[in-house]
Amino acid sequence: MGKPTGEFVALNVAVMTVSDSRDASNDTSGDYLREALAEAGHQVVDRALVPDNRYRIRATVSRWIASDDVQVVIVNGGTGFNSQNSTPEALLPLLDREIEGFGELFRMISYEEIGSSTLQSRAVAGLANQTLIFAVPGSTNACRSAWERIIEDQLDARTRPCNFVSHLKKL
């Protein structure tokens, strides 16, 4: 990747943690994403902690997709292979366009860290109503890898040869 050029564009981002066991006091992944987004210059305009229920996940993300104020949604948790994990099933029907390469790239990066266990990661991403949606595993390490090695650059309008900022709704 070449050196970033041009103007930085601060984006409005909503962060969701999907978990049946975490609460506001121990949501380290949600806290990490909020801090990383703020450090990068973006605004966290909403945050939710939702149980792993596809309809509750879908309802909250649908509200953000329909909002004029949310340009990006980052969901952590609920992407594993357990029967209780339902984040991909909640999100995929909402997408106008899936970003297949995100899951592929995330698993490639994750392979370096956890080996073949990455096969059970169902990280997904896509675009819905000009709102970019990323869903990553709930571990803080996975959130850090996804943010630092993929998402941060793709939310930076200066990243060349391309990034997702031009595809997002204008505020």
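Modeller: A handy term to start with: buried stands for under 20% relative accessible area, exposed for over 50%, and partly exposed for what lies in between (1.4 Å probe, protein chains only). This is a predicted model, where local features need pLDDT of at least 70 and side-chain atom pairs count only at pLDDT 80 or more, while totals for chains, interfaces and linings use all residues. Residues are numbered from 1 along each chain as its sequence is written, and side-chain values use heavy atoms, with hydrogens and water left out.

Biologist: Thanks! Is W64 buried or exposed?

Modeller: W64 is found in helix 2, residues 54–66 (helices are DSSP runs of H or I with at least four residues, strands are E runs of at least two, and both are numbered from the N terminus). The relative accessibility of W64 is 1%, so this tryptophan counts as buried.

Biologist: Which residues is W64 in contact with, leaving aside neighbours within four places in sequence?

Modeller: Contact means heavy atoms within 4.5 Å. As for A125, its C-alpha lies 15 Å from that of W64, with the two positions 61 residues apart in sequence. The contacts of W64 are A14, V15, M16, D46, R47, A48, V70, V73, T131 and K169.

Biologist: Let's move to the largest pocket. Which residues of its lining lie nearest its centre?

Modeller: On a 1 Å grid over the protein atoms alone, a pocket is an open set of points with protein on both sides within 12 Å along at least five of seven lines, and lining residues have an atom within 4 Å of a point. By that rule 29 residues line the largest pocket. Those nearest its centre are T79, G80, P137, G138 and S139.

Biologist: Which element gives the largest share of that lining?

Modeller: Strand 1 (12–18), helix 4 (100–114) and helix 5 (140–154) are the elements that give two or more residues to the lining. The largest share is 4 residues, and it comes from helix 4.

Biologist: How far apart are the end C-alpha atoms of helix 5?

Modeller: The expected span of a helix is 1.5 Å times one less than its number of residues. For the 15 residues of helix 5 this rule gives 21 Å, which agrees with an end-to-end C-alpha distance of 20 Å.

Biologist: At which residue does helix 5 bend?

Modeller: The bend is the angle between axes fitted to the seven residues ending at a position and the seven starting there. For helix 5 the angle is about 50°. It is found at W147.

Biologist: Which elements do the buried residues of helix 5 pack against?

Modeller: The buried set is T140, A142, C143, S145, A146, W147, I150, I151 and Q154. Their packing partners are helix 1 (28–40), strand 3 (72–76), helix 4 and strand 6 (131–136).

Biologist: Now helix 1: why does T28 count as partly exposed?

Modeller: T28 has its place in helix 1 and touches R22 and T140, not counting residues up to four places away in sequence. Its C-alpha is separated from that of C143 by 9.9 Å, although the two are 115 residues apart along the chain. T28 is partly exposed because its relative accessible area is 43%.

Biologist: What is the phi of Q130?

Modeller: Q130 sits in the loop between strand 5 and strand 6, and so does N129, whose phi is also positive, about 50°, although N129 is not a glycine. N129 counts as partly exposed at 40% relative accessibility. Q130 is not a glycine either, and its positive phi is near 60°.

Biologist: Last one, on the segment after helix 5: what is the omega of the peptide bond from R160 to P161?

Modeller: The segment after helix 5 holds P161 and also F164, which touches I99, L132 and Q154 when residues up to four places away in sequence are not counted. The bond from R160 to P161 is cis, with omega near 10°.

Technical notes:
1 Å grid on protein atoms, 1.4 Å probe; cavity = no way out; pocket = protein on both sides within 12 Å on 5 of 7 lines; lining within 4 Å.
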